[in-house]
Amino acid sequence: MTPPTIGVVCMDDRPKLDPHAPRYGQNQSYVHAVARAGAAPLLIPLLAGEALLRALYDRIDGLLLPGGEDVHPNQYGEPVHDRCGKISDLRDGVELALIQWAMADHKPLLAICRGIQVLNVALGGSLYQDIQAQVPQAGEHNCHASHARNQVAHDVAVAADSRLAYLVGTDRLPVNSFHHQAVKDVALGLVITARAPDGIVEAVEGDGRPFLLGVQWHPEEMAADDVRAQRLFDALVEACQ
Ligand code: MN
């Protein structure tokens, strides 16, 4: 059987060393997690024209939305907060189109970090633009400077009977945390299936979809040594077969 193909959206990257040579790329950890699951990763560059983007979309069996820039608050009807981070209108446009197409076709979709955020916005939800500023009682979720990429930052409480609980086999999962934004109002059609101890939303799932899962942590960074993280990628690929 031919292995399925998983689309992995690129970031809008301006390398610090060479800012005049912008590039489309993505962290190797996503590519390797997909490959370990037995699928062929296809990096999707940020094409502004829908026809060419659609040509790539038509070649993928499933979609992976990785971490990255902040979604433009205009997309959920809010002015830009002064703690909102770097924005890419180009990436917003690409991912919003891919999500609409994948929802219409019931293509399996795994959304990670920015992914869960853009998924929620695409379906009509909203975001906290900065957890620290807007949810002051929340714990630390932005561990870029303090934690290794695979280092546990907090637990999440996983909802019983959820797809996530089935996949990870526990109701309390230790996760890493590299985000300063989070789901605020959850979109219609998504169900919250994990929260951090402070109440911050850490996972959402679709109702009755073949595979629609968003997580706020970075399983791709833990997946090489942690079967519960790799299971999310395995399940995405299984849903494509
Ligand atoms: Mn977190």
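This is a conversation about a predicted model and the reasons behind some of the words used to describe it.

Visitor: Why is E95 called buried?

Guide: E95, which is found in helix α3 (residues 89-105), has a relative accessible area of 0%, and because buried means under 20%, the word applies to E95.

Visitor: What makes the pairing of the side chains of E95 and R114 a polar contact?

Guide: The side chain of E95 and that of R114 come to 2.7 Å, and a polar contact requires a pair of N or O atoms within 3.5 Å, one able to donate a hydrogen and the other to accept it, so the value satisfies the distance cut-off. Leaving aside neighbours within four places in sequence, E95 is in contact with R114 and also with V9, L65, P66 and V118.

Visitor: How do you know that the buried residues of α1 are on the same side of the helix?

Guide: In helix α1 (residues 28-36), the residues S29, Y30, A33 and V34 are buried, and they cover an arc of only 130 degrees around the axis, which puts them on the same side of α1. An α-helix has 3.6 residues a turn, so residues three or four places apart point the same way.

Visitor: Which elements do the buried residues of α1 pack against?

Guide: They pack against the strands β1 (5-9), β4 (40-44), β5 (62-65) and β6 (109-112), and also against helix α7 (227-239).

Visitor: What makes β1 mostly covered?

Guide: Five of the five residues of β1 are buried, with T5, G7 and V9 on one side and I6 and V8 on the other, and therefore both faces are covered. In a regular strand the side chains alternate between the two faces of the sheet.

Visitor: How do you know that β1 pairs with β4 and with β5?

Guide: Two strands pair if there are at least two bridges between them; β1 is joined to β4 by five bridges and to β5 by three, so both cases meet the requirement. The strands run parallel in each case, and G7 of β1 has L42 as its bridge partner in β4 while standing opposite L63 in β5.

Visitor: Why are H141 and S177 called donors of the manganese ion?

Guide: The protein donors, H141 (ND1), H154 (NE2), S177 (OG), H179 (NE2) and E202 (OE), lie 2.3 to 2.4 Å from the manganese ion, and because the cut-off for a donor is within 2.8 Å of the metal, H141 and S177 qualify. H141 lies in the loop between α5 (131-134) and β8 (154-158), and S177 in the loop between β9 (172-175) and β10 (182-183), so the pair ties together parts that are 36 residues apart in sequence.

Key. Residues are numbered from 1 along each chain as its sequence is written. This is a predicted model: local features need pLDDT of at least 70, side-chain atom pairs count only at pLDDT 80 or more; totals for chains, interfaces and linings use all residues. Side-chain values use heavy atoms; hydrogens and water are left out. Helices (H or I, at least four residues) and strands (E, at least two) are DSSP runs, numbered from the N terminus. Buried means under 20% relative accessible area, exposed over 50%, partly exposed in between (1.4 Å probe, protein chains only). Contact means heavy atoms within 4.5 Å. The arc is that of the directions from the helix axis to the C-beta atoms. Donors are N, O and S atoms within 2.8 Å of the metal (3.2 Å for Na, K and Ca); water is not among the atoms, so sites may look incomplete.
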